[in-house]
Amino acid sequence: MKVKLTYFGHSAFHVDIDGIGIAIDPWITNPLSKTTLDEYVNNFKTDLIVITHAHEDHIGDSEEIMKRTGAKFFAIHEIYVDLTKKGFQGIGANIGGPAKLDDIAKGLAIALTPATHSSYDKGVPTGAIIFKDEIPILYHAGDTGLFAEMQFIGQLYAPKIALLPIGGHYTMDIEQALLAVKMIKPKIAIPMHYNTFPPIRADPYEFKKKVEELGLAESRVLEPGETVEFNF
Ligand SMILES: [Zn+2]
């Protein structure tokens, strides 16, 4: 299975899994981004947008991308109700087992996970695990503090890639994220949600070094605009 992952800074990613294009928390116009919205829309196929919670830095440019590409969204029920009222099309779900999304792409499924954070009054904040043909490809933790149930993600799925916030202040910091990697057991751990604003300054290379020194996983630091390819 061919997986292409692009980082735009903050918590914004695009993942291409065997030709299925999924944006996650696509705040493409964040202060760290090297990609304009025009460039994004012209160069990335977006079949689905996963929104982890209702904060502006995570809904990001979702509405604009949907208007310009016809992409659908996937989010917790209350965000679903809200965006549906605005005329957007999507799929609402809740925390639990994977929702089968064969209508979007055959073999695609997404499970929403808990996240310890806030989300205005729009349901609760979540993380998301994306599956293709029942293989847990990627876990995007959303914004979260450390929580013990991350061990269940490791026990049940041990996703190939884990995208984890390390910036502190609003989410886990590096030390907490290391414990998260230990529980989640990914093959590859990638830091996110750092250096966008002064309060979340963190060194992603310190995270990478520690993950690898402790033998927890491989780690990759992605620069905004960078794409990496994996074969699983
Ligand atoms: Zn955030």
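With a relative accessibility of 5%, Phe-131 counts as buried, and in this predicted model that residue offers a convenient point from which to begin. Phe-131 and Tyr-157 form an aromatic pair of the edge-to-face kind, with 5.0 Å from centre to centre and 75° between the planes. Because Phe-131 lies in strand β9 (residues 126-132) while Tyr-157 lies in the loop between α5 (150-156) and β11 (161-165), the pair ties together parts that are 26 residues apart in sequence. Tyr-157, for its part, has a relative accessible area of 23% and is therefore partly exposed, since buried means under 20%.

Phe-131 also belongs to the lining of the largest pocket, together with Pro-98, Lys-100, Asp-102, Gly-107, Leu-108, Ala-109, Asp-133 and Glu-134. The volume of this pocket is about 190 Å³, and the residues of its lining divide into four nonpolar, one polar and four charged.

The pair of Phe-131 and Tyr-157 leads on to the aromatic pairs of the structure, of which there are eight. Phe-8 and Phe-44 form a pair that is edge-to-face, with a distance of 5.4 Å from centre to centre and an angle of 75° between the planes. This pair links distant parts of the chain, as Phe-8 sits in the loop between β1 (2-7) and β2 (13-17) and Phe-44 in the loop between α1 (37-43) and β4 (48-50), 36 residues apart. Phe-8 and Phe-44 are both buried, and with Tyr-40 they form one aromatic cluster.

From the aromatic rings the path turns to the nonpolar core. The largest nonpolar core has 80 residues, and among these Leu-5 and Tyr-139 touch the most other members. Helix α6 (residues 174-184) gives the most to this core, contributing seven residues. When residues up to four places away in sequence are not counted, the residues that Leu-5 touches include Phe-13, Val-15, Leu-138, Ile-161, Leu-163, Ile-190, Leu-222, Val-228 and Phe-230, and among them are also His-14, Glu-226 and Thr-227.

A last stop is Thr-171, which is placed in the loop between β11 and α6. With a relative accessible area of 9%, Thr-171 is buried, because that value falls under the 20% cut-off. Leaving aside neighbours within four places in sequence, Thr-171 is in contact with Asp-143, Thr-144, Pro-165, Ile-166 and His-193. The C-alpha atom of Thr-171 is separated by 8.5 Å from that of Thr-116, although these two residues are 55 residues apart along the chain.

Note on methods:
Residues are numbered from 1 along each chain as its sequence is written. This is a predicted model: local features need pLDDT of at least 70, side-chain atom pairs count only at pLDDT 80 or more; totals for chains, interfaces and linings use all residues. Side-chain values use heavy atoms; hydrogens and water are left out. On a 1 Å grid over the protein atoms alone, a cavity is a set of points where a 1.4 Å probe fits but cannot get out, and a pocket is an open set with protein on both sides within 12 Å along at least five of seven lines; lining residues have an atom within 4 Å of a point. Grid points are joined across faces, edges and corners, and a volume is the space filled by probe spheres set on the points. Ala, Val, Leu, Ile, Met, Phe, Trp, Tyr, Cys and Pro count as nonpolar, Asp, Glu, Lys and Arg as charged, and the others, Gly among them, as polar. Rings of Phe, Tyr and Trp (its six-membered ring) pair if their centres lie within 6.5 Å; planes under 30 degrees apart count as stacked, over 60 as edge-to-face and the rest as tilted. Helices (H or I, at least four residues) and strands (E, at least two) are DSSP runs, numbered from the N terminus. Buried means under 20% relative accessible area, exposed over 50%, partly exposed in between (1.4 Å probe, protein chains only). A nonpolar core is a set of buried Ala, Val, Leu, Ile, Met, Phe, Trp, Tyr and Cys residues joined through side-chain atoms within 4.5 Å. Contact means heavy atoms within 4.5 Å.
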